[in-house]
Amino acid sequence: MSESNTANSSCATIVLEDLTKQYPGQAVPAVDHVTMEIPAGEIVVLVGPSGCGKTTTMKMINRLIEPTSGRVLIDGVDAMTLEPDAHRRSIGYVIQQIGLFPHMTIADNIGLVPRMEKWSRSRIHTRVDELLELVGLDPADYRNRYPRQLSGGQQQRVGVARALAVDPPVMLMDEPFGATDPITRERLQNEFLRLQRELRKTIVFVTHDFDEALKMGDRIAVLRDRSEIVQYDTPRAILAAPADDYVASFIGSGGQLKRLGLIPISEATLHPYPAQANGSLPTVVDDRTLRDCLDAMLAAGSESTVVINRAGDKRGCVTLADLMSAVGAAESTDQPAGA
Amino acid sequence: MTALPQAPGQIAAATPVRRRSRLTPGLAIRPLFLAAVILVVWLWVHYAQQDSIEQRNLTHSAIEHRLAQHIKVSLTATVLTIAFAVPLGIAVTRRRARPIRPFALLLGNLGQAIPSIGLITLIALWWQPGFWAAVIGLVAYSTLPVLRNTMVGIQQVDPALIEAARGMGLSRVAVLTRVELPLAVPVILAGIRTALVLTVATATLVTFISAGGLGDGLVAGINLNRPMLSFTYGVIAAVLALFADWLGGVIERLLRPQGV
């Protein structure tokens, strides 16, 4: 992405301090003294059952819901001291229902916040095209269409582009891919992760789907009622050592398989390719995970698999014993990140 | 620049979308039909035997005068209704106005529930007969559809859109002017169209408080037992109401936001 058109490309650290929301007339607060730090440039997933206060917590960051007490600091600046609308314009916002304005073209939808920020017409035009290309939609084809002329997946791409319009350092995403079918969701997730590798935004991502949290999160905060943080750590650390039964129940069955799914083959030590097993072993491409190795072994009924690169060159072997030690090793090497 | 893989869905969606034309030839049917009705009545009146009363009331200038009065009182009332009921409808949909919402609707219901002839007479008796009493009566009578449709039009806007707009940093005023009102336009216009037709039809009654209009000729025909008079003015009033309805329909089509 060219940097010419960006207003503010740095990312920011978000700190929540004793953040509380007490609705009038309710016995218990919806969010009760939440304190957490969201490191700059990371995706932090808030995951928990519906009604646990994860969305409320997120909406207090851009003050769509005003906290009863506590503070939100973005790069050290207290959000309560900012004008709410200007504060919200500096934070990208993506919701499950997408919320594209049906009476505006795609270009007008994306250009709305830049227009409110008084950008020049030509700068908005360039930015809209740049963003459409970024999310994989041809500007010439799509800029003058109306939202109803797009599929759900395309609409959510535009939703992401719109949230990125003024290049906000922080993005809030409330179950952004929740309303799409599994195949589209998977594709949107992958595209978004690829985008994030370049953009390095600070992202708060809310979902109730633990598998999505594992996939998207640099860190995961597992929440219980009143937004109580039960465990806040990297996905691999949570899988390796769930803090309690509640977290374990959230992980569900197949926890070890999920752990293998998070370990890329590049982290494994490859054995030399055994000369005698010519052609009989299954192969796995080296950008996949250990889980894919296991799958290949199960499918072929062998105890090892050959790792090849994209070009098809054999790079070495992974054995069943390697997978077992990887799961065992992960337990001891994954240091819990400070919660 | 990152080019992300194109989704297969894009191929299907890339086929050109047919633009619905706003003004279709079918729209011409109504005015042509109304013109034909007027022509038939004109020919009938022109070749019929007329006594002096009928002649006096059926001259072009007599008809034009009453038609102009009728249009003037109807248009004034409709413009005032819009100026009163649309802002009121917007106001009562604001979050803070939630408690007074039922009262606003009650007011509108009352205006429409009281028989229009009684309402107009009451206002004339209480204040003074004439043009402005007629206008006030008509405004009270046609407020409800505009008020109700403005409220419904704004309330039916998908809450997710408002949430997205607020989350993007649009102020409450910007949410209203850029999202809520444009999306409510079709429903509000439908209400205005209803009000316009109601007003044009009801304005035949303002003759009773000496505010003129097509009702003059209609009532004169009844009082003086001249059916040709009543019939002619009645047809003109009906044609005017149907024409107003057609005009409202055309405006609705022209002002409907694209993409919806």
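**Exercise 1. Work out how chain B is built and how far its fold spreads.**

Let us start with burial: 37% of the 260 residues of chain B count as buried. Keep in mind as you go that this is a predicted model.

Step 1. Take stock of the secondary structure. Chain B has eleven helices and zero strands, so to speak an unbroken α series from the N terminus on.

Step 2. Look at the overall extent. Along the principal axes, the C-alpha atoms of chain B fill a box of roughly 85 × 45 × 25 Å.

Step 3. Compare with the globule rule. For 260 residues the rule gives 18 Å, and the radius of gyration of chain B, 24 Å, is well over that, so the chain is more spread out than a compact globule.

Step 4. Check the contacts along the sequence. Among contacts in chain B between residues at least 6 apart in sequence, 77% join residues at least 24 apart.

**Exercise 2. Trace the six-stranded sheet of chain A and find its edges.**

Step 1. Write down the strand order. The sheet is open, with mixed pairing, and runs β6-β7-β8-β3-β9-β10 in chain A.

Step 2. Identify the edges. β6 and β10 of chain A each have a single partner strand, so one side of each is left without a neighbour in the sheet. From one strand to the next, the twist averages 15 degrees.

Step 3. Follow the pairing around β3(A), residues 43-47. With β8(A), residues 202-207, β3(A) pairs in the parallel sense over five bridges, and here A:Val45 stands opposite A:Phe205. With β9(A), β3(A) also runs parallel, joined by four bridges; A:Val47 has A:Val222 as its bridge partner there.

Step 4. Move on to the hairpin. β9(A) and β10(A), residues 228-233, pair in the antiparallel sense over five bridges, with A:Arg224 opposite A:Glu228. Three residues lie between the strands of this hairpin, and A:Arg226 takes a positive phi near 60 degrees.

Step 5. Ask how enclosed β9(A) is. Five of the six residues of β9(A), residues 219-224, are buried, so the strand is largely enclosed by the rest of the structure.

**Exercise 3. Place A:Val45 within the nonpolar core.**

Step 1. Find the core. The largest nonpolar core holds 133 residues, and those touching the most other members are A:Val45, A:Leu131, A:Ala161, A:Val204, A:Phe205 and B:Ala134.

Step 2. List the surroundings of A:Val45. Leaving aside neighbours within four places in sequence, A:Val45 is in contact with A:Phe205, A:Thr207, A:Ala213, A:Met216, A:Gly217 and A:Ile220.

Step 3. Look beyond this core. Another core, of twelve residues, lies apart from it and includes A:Ala268, A:Val284, A:Val318 and A:Leu323.

**Exercise 4. Describe the three-stranded sheet of chain A and the helices that go with it.**

Step 1. Set out the sheet. It is open, has mixed pairing and follows the order β11-β12-β13 in chain A. The edge strands, pairing on one side only, are β11 (283-285) and β13 (314-319). Neighbouring strands are turned by 35 degrees against each other on average, direction ignored.

Step 2. Zoom in on one pair. β12(A), residues 304-308, and β13(A) pair in the antiparallel sense over five bridges, and A:Val306 stands opposite A:Cys317.

Step 3. Add α12(A). This helix, residues 290-300, lies across β11, β12 and β13 of chain A, at about 125 degrees to β12(A).

Step 4. Add α11(A). Helix α11(A), residues 255-262, packs on α12(A) at an angle of about 115 degrees, with the axes 5 Å apart. A:Leu257, A:Leu260 and A:Gly261 of α11(A) meet A:Leu290, A:Arg291 and A:Leu294 of α12(A). These contact residues divide into four nonpolar, one polar and one charged.

**Exercise 5. Characterise the side of chain A that touches chain B.**

Step 1. Count the residues. 36 residues of chain A are in contact with 30 residues of chain B.

Step 2. Assign them to elements. Those of chain A giving two or more residues are α2 (84-89), β6 (91-95), α3 (106-116), α4 (121-134), α6 (152-163) and α7 (182-199). Of these, α7(A) gives the most, with five residues.

Step 3. Sort by character. The chain A side divides into 17 nonpolar, nine polar and ten charged residues.

Definitions and conventions: Residues are numbered from 1 along each chain as its sequence is written. Chains are lettered from A and ligands numbered from 1 in the order in which they are written. This is a predicted model: local features need pLDDT of at least 70, side-chain atom pairs count only at pLDDT 80 or more; totals for chains, interfaces and linings use all residues. Two strands pair if DSSP finds at least two bridges between them. Axes are lines fitted to C-alpha atoms, for helices over the stretch in contact, and angles run from 0 to 180 degrees between N-to-C directions. Two residues are in contact if their C-beta atoms, placed from the backbone, lie within 7 Å. Ala, Val, Leu, Ile, Met, Phe, Trp, Tyr, Cys and Pro count as nonpolar, Asp, Glu, Lys and Arg as charged, and the others, Gly among them, as polar. A nonpolar core is a set of buried Ala, Val, Leu, Ile, Met, Phe, Trp, Tyr and Cys residues joined through C-beta atoms within 7 Å. A residue is buried if 20 or more other C-beta atoms lie within 10 Å of its own, exposed if 12 or fewer, and partly exposed in between; C-beta atoms are placed from the backbone. The radius of gyration is taken over C-alpha atoms; the globule rule is 2.2 Å times the number of residues to the power 0.38.
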